[in-house]
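This report covers a protein–DNA model. It takes the DNA surfaces, then the pairing of the protein chains.

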Number of protein chains: 2
Amino acid sequence: MVDPQRLHGHILMRTRSQDVTDTLRGWILNGTLAAGDRLEEIPLATRLGVSRTPVRSALTALSNEGLVDYQPKRGYMVRQFDASEVFAAYEVRAAIEGLACRLAAANGVPADVEGKLRSCLAQGDRVLSKGRLEAADYEPYQLMNITFHNTIIELSGNSWVDRFVSQTHAVPFVSDRIILWHDYPVILRSHDDHHRITNALITGQGARAEDLMREHVYFAGLFLKENFHMIRQNPQWAA
Amino acid sequence: MVDPQRLHGHILMRTRSQDVTDTLRGWILNGTLAAGDRLEEIPLATRLGVSRTPVRSALTALSNEGLVDYQPKRGYMVRQFDASEVFAAYEVRAAIEGLACRLAAANGVPADVEGKLRSCLAQGDRVLSKGRLEAADYEPYQLMNITFHNTIIELSGNSWVDRFVSQTHAVPFVSDRIILWHDYPVILRSHDDHHRITNALITGQGARAEDLMREHVYFAGLFLKENFHMIRQNPQWAA
DNA sequence: CCGCCCATACATGTATACATGATGCCCATA
DNA sequence: TATGGGCATCATGTATACATGTATGGGCGG
């Protein structure tokens, strides 16, 4: 991926609007701002030490991302996502990431990408070989999982796949960054999917890779749905 | 669908920012603003008779929609979509609308929705029964086609499907609004797909409906790709 | 006592002034 | 002549003042 900071030899500026957007998105995703909270421009501007302008810009952006609801002259509100909407996002993700696998298999897997995938597999194997999960393993495993999925998406060469999957990630609870740690066998099986998907990709079995990925993502959504209420109440159980 | 103009008994205001956004989007989609054109705030503001503020707001929104490229301190540019990117959008649309069919079939088709679909079929049959296409038929056929697809998307009950398909439509040339009229047999076959899809939906054949819709949309993309250069040069051939 | 209406307070929408970084020209120098 | 640095210009980023629609609360009528 091209470094988005550099282009034409210039170091692209980072504007306050972008910073504020990222900050507010973070606050929404990590729960600092709860669903239903009103987002008032002046208090936010004061809190962030900027004027209303970048705040308004950020709210517009977040509204376009779908994270906040907007009504003219009535302001912005942190959007409420219920379980069915979150699950619906996984359904779509399953279809799109399945497509990504099919395309990736058709494109063929270059040696360096194969190495990257195998490295993800090895890392997951290492973590899971202990027969249980420890807190220290959460973050590395998350990163591995993100890398694995992103690698395939990138390999698909379809920018829309990337764009839409990114959008589904920008929703509380819908993310590879969310993993439920309390059920070791589920994670074990999930990582076994990674093995089979990699195998299918490398051997050019596009349809098989697609089916595997669809189920892989779909089940993650199903599992999340079943545990949704629990997670809402105890966000620390997910990471 | 709920009337977005009304909520809580209020008639929602329309802001200049929204008007400007819609105007500029229109100018981009209909070619008034060509790919690669720089979008400068002050000239646009002058041209539209507003200040820079709503223009900036609109440009931010269009940037989030992906219609314009943005680089901090360097401004906005109408995005260039090449043939491969346009085709990539159809690939994704095919996967998502296929999913919509599967979900719709699983949900079951209420009588009124079935009536709507059958009415679309009948209208298409009527237009095509003449054995050729006349200019006067373009717009009704387009509207029928849009209605048909939207009905299924709505029936899927998955808001993300709706959202993502809408996003792919907001790209020059990727739209049910674009139909290539010069090849009657292709349209005839396309409408035959509509018949089979409806049949599959009503009889609850989710997998069949999905496969049919995937191919239906995929082929539209393929056909567009093959004729892309022609259309670029003669936009009037598409409608 | 309840409900409606209007006035006032306030948040958001818009315009504009000011700050800052990008672009391009000019000229000095190799 | 080609190249590179510095300065002027201008578009964009931000702050703030002003305009306008919304919502709350108190008073009036039923």
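## DNA surfaces and chain pairing

Five elements each supply at least two residues of the surface near DNA strand D: helix H1 (16-29) and helix H3 (52-65) of chain A, with strand S3 (38-39), helix H2 (41-48) and helix H3 (52-65) of chain B. Helices (H or I, at least four residues) and strands (E, at least two) are DSSP runs, numbered from the N terminus. H3(A) gives the most to this surface, with three residues.

The model is predicted: local features need pLDDT of at least 70, side-chain atom pairs count only at pLDDT 80 or more, and totals for chains, interfaces and linings use all residues. Residues are numbered from 1 along each chain as its sequence is written, chains are lettered from A and ligands numbered from 1 in the order in which they are written, and side-chain values use heavy atoms, with hydrogens and water left out.

**Strand D.** There are 23 residues around DNA strand D, and A:Arg16, A:Ser51, A:Thr53, A:Lys73 and B:Arg56 come nearest. A residue is near a strand if one of its heavy atoms lies within 4 Å of it. Sugar and phosphate account for 66% of the atoms of DNA strand D that come within 4 Å of the protein. By class, the surface near DNA strand D has seven nonpolar, six polar and ten charged residues. Here Ala, Val, Leu, Ile, Met, Phe, Trp, Tyr, Cys and Pro count as nonpolar, Asp, Glu, Lys and Arg as charged, and the others, Gly among them, as polar.

**Strand C.** Of the 23 residues around DNA strand C, the nearest are A:Arg56, B:Arg16, B:Ser51, B:Thr53 and B:Lys73. Sugar or phosphate holds 68% of the strand C atoms within 4 Å of the protein, and bases hold the rest. H3(B) gives the most to the surface near DNA strand C, with three residues. That surface has seven nonpolar, six polar and ten charged residues.

The table gives polar contacts to both strands. For protein and DNA, a polar contact is a pair of N or O atoms within 3.5 Å.

| Protein atom | DNA atom | Distance |
|---|---|---|
| A:Arg16, backbone N or O | strand D, phosphate oxygen | 2.5 Å |
| A:Lys73, side-chain N or O | strand D, base oxygen | 2.4 Å |
| B:Arg38, side-chain N or O | strand D, sugar or linking oxygen | 3.3 Å |
| A:Arg38, side-chain N or O | strand C, sugar or linking oxygen | 3.2 Å |
| B:Arg74, side-chain N or O | strand C, phosphate oxygen | 2.5 Å |

**B:Ser17.** This residue lies in helix H1 (residues 16-29) of chain B. A polar side-chain atom of B:Ser17 is 2.7 Å from a phosphate oxygen of DNA strand C. Beyond its neighbours within four places in sequence, B:Ser17 is in contact (heavy atoms within 4.5 Å) with B:Pro54, B:Ser57 and B:Ala58. B:Ser17 and B:Pro54 are 37 residues apart along the chain, yet their C-alpha atoms are separated by 4.2 Å.

**Chain pairing.** How does chain A relate to chain B? A turn of 180° and a shift of 0.1 Å along the axis lay chain A on chain B with an RMSD of 0.1 Å. That is the relation of a two-fold axis. Superposition is by least squares on the C-alpha atoms of residues with pLDDT of at least 70 in both copies. The copies meet through the same surface, because 97% of the interface residues of chain A are also interface residues in chain B.

Helix H7 (residues 159-169) of chain A packs on helix H7 (residues 159-169) of chain B at an angle of about 140°, with the axes 12 Å apart. Axes are lines fitted to C-alpha atoms over the stretch in contact, and angles run from 0 to 180 degrees between N-to-C directions. The contact is made by Trp160, Arg163, Phe164, Gln167 and Thr168 of both A and B. These residues divide into four nonpolar, four polar and two charged.

Conventions: A polar contact is a pair of N or O atoms within 3.5 Å; within protein, one must be able to donate a hydrogen and the other to accept it, and residues adjacent in sequence count only if both atoms are side-chain atoms.
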